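Open the model in your viewer and switch to a cartoon view. This tour goes from one selection to the next and says what each one shows.

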Amino acid sequence: PVRDRLHCQHLIVVPHDLLHYVHFHALFDGERYVTDMFDISYAPSASVYAMCAQLGSRKEGGALVLAVPDIQAPFIEHEAKEVAGVLPGSETFLGERATLEVLTSKGADSRLIHIATHGFFRKDNPMFSGIRLGDSHLSLFDLYHMDLPADLVVLSGCSTGRNVVAAGDELLGLVRGLIYAGA
């Protein structure tokens, strides 16, 4: 019912409460999907959107690719090599070499970061959700203490996009931690 009032090409959706779980880009009016009419972006809150809009693009820095393959996810190494192959100036660190130290030191200067690994989400305490690195685990709590001012961070792993709506209508999950770290 609001379609006739929207005179733009790009919609930025800032959901509230349970609307964080609605896939607005997939809404259908009987003839077209929202994505047929608009480019869609999401922001976890208006304040986070305002902060990110002021940052702008880095325009400098290469790409950092970290990957931790194992027997349960053997294609992670292939994914990392394919991603690195299309990203100019990329550095790739596989397995035990994909460490917290590498992410901390090289991530701060990287424009793009791609991490392919196992992820886990703790609904009972999202601050302890995280991803596996080559030498440790990186939790949401850890992300709040990092500096990762990248234009784009991709987390390729199970449960890396999960979150809960916390008090104050804030999403709590790894994505929030990456935004807090500067991405």
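Begin with the open space. This is a predicted model. Show the largest pocket and colour its lining by class: 22 residues are nonpolar, 11 are polar and three are charged. The pocket holds about 1,100 Å³ of space. Which of its 36 lining residues are closest to the centre? Select Tyr 42, Ala 43, Pro 44, Val 175 and Ile 179.

Now colour the elements around that pocket. Strands S1 (10-13), S2 (39-42), S9 and S11 (170-173) each supply at least two lining residues. Helices H2 (46-55) and H6 (174-180) each do so too.

Move to the second largest pocket. Its space comes to about 340 Å³. Of the 16 residues in its lining, Val 2, Leu 6, Leu 11, Leu 27 and Val 34 are the closest to the centre. Select S1 again: S1 gives the most to this lining, with three residues. Helix H1 (34-37) supplies at least two residues. By class, 13 lining residues are nonpolar, none is polar and three are charged.

Next, hide the pockets and go to the sheet. Select S4, S3, S5 and S9, in that order. These four strands form an open sheet, and their pairing is parallel. S4 (90-94) and S9 stand at the edges with a single partner strand each, so one side of each has no neighbour in the sheet. On average, neighbouring strands here are turned by 10° against each other, direction ignored.

Step across the sheet pair by pair.

- S4 and S3: five bridges join them in the parallel sense. Pick Ala 67 and find Leu 94 of S4 opposite.
- S3 and S5: S3 (residues 63-67) runs parallel to S5, with five bridges between them. Leu 64 stands opposite Ile 113 of S5.
- S5 and S9: this parallel pair also has five bridges, and S9 covers residues 152-156. Pick His 114, whose bridge partner in S9 is Val 154.

Stay on S5 and show its side chains. Is this strand buried or exposed? Five of the five residues in S5 (112-116) are buried. Look along the strand to separate the two directions. Leu 112, His 114 and Ala 116 point one way, while Ile 113 and Ile 115 point the other way. That fits the general pattern: in a regular strand the side chains alternate between the two faces of the sheet.

Finish with the cavity. How many cavities of 30 Å³ or more does the structure hold? There is one. The largest cavity has a volume of about 40 Å³. Keep Ile 115 selected, since that residue of S5 also belongs to the cavity lining. Add Leu 103, Ile 131, Leu 138, Leu 143 and Leu 148. Then add Leu 155, Leu 174 and Leu 178 to complete the lining. Colour these residues by class: nine are nonpolar, with no polar and no charged residues.

Methods
Residues are numbered from 1 along each chain as its sequence is written. This is a predicted model: local features need pLDDT of at least 70, side-chain atom pairs count only at pLDDT 80 or more; totals for chains, interfaces and linings use all residues. Side-chain values use heavy atoms; hydrogens and water are left out. Buried means under 20% relative accessible area, exposed over 50%, partly exposed in between (1.4 Å probe, protein chains only). Two strands pair if DSSP finds at least two bridges between them. Axes are lines fitted to C-alpha atoms, for helices over the stretch in contact, and angles run from 0 to 180 degrees between N-to-C directions. On a 1 Å grid over the protein atoms alone, a cavity is a set of points where a 1.4 Å probe fits but cannot get out, and a pocket is an open set with protein on both sides within 12 Å along at least five of seven lines; lining residues have an atom within 4 Å of a point. Grid points are joined across faces, edges and corners, and a volume is the space filled by probe spheres set on the points. Ala, Val, Leu, Ile, Met, Phe, Trp, Tyr, Cys and Pro count as nonpolar, Asp, Glu, Lys and Arg as charged, and the others, Gly among them, as polar.
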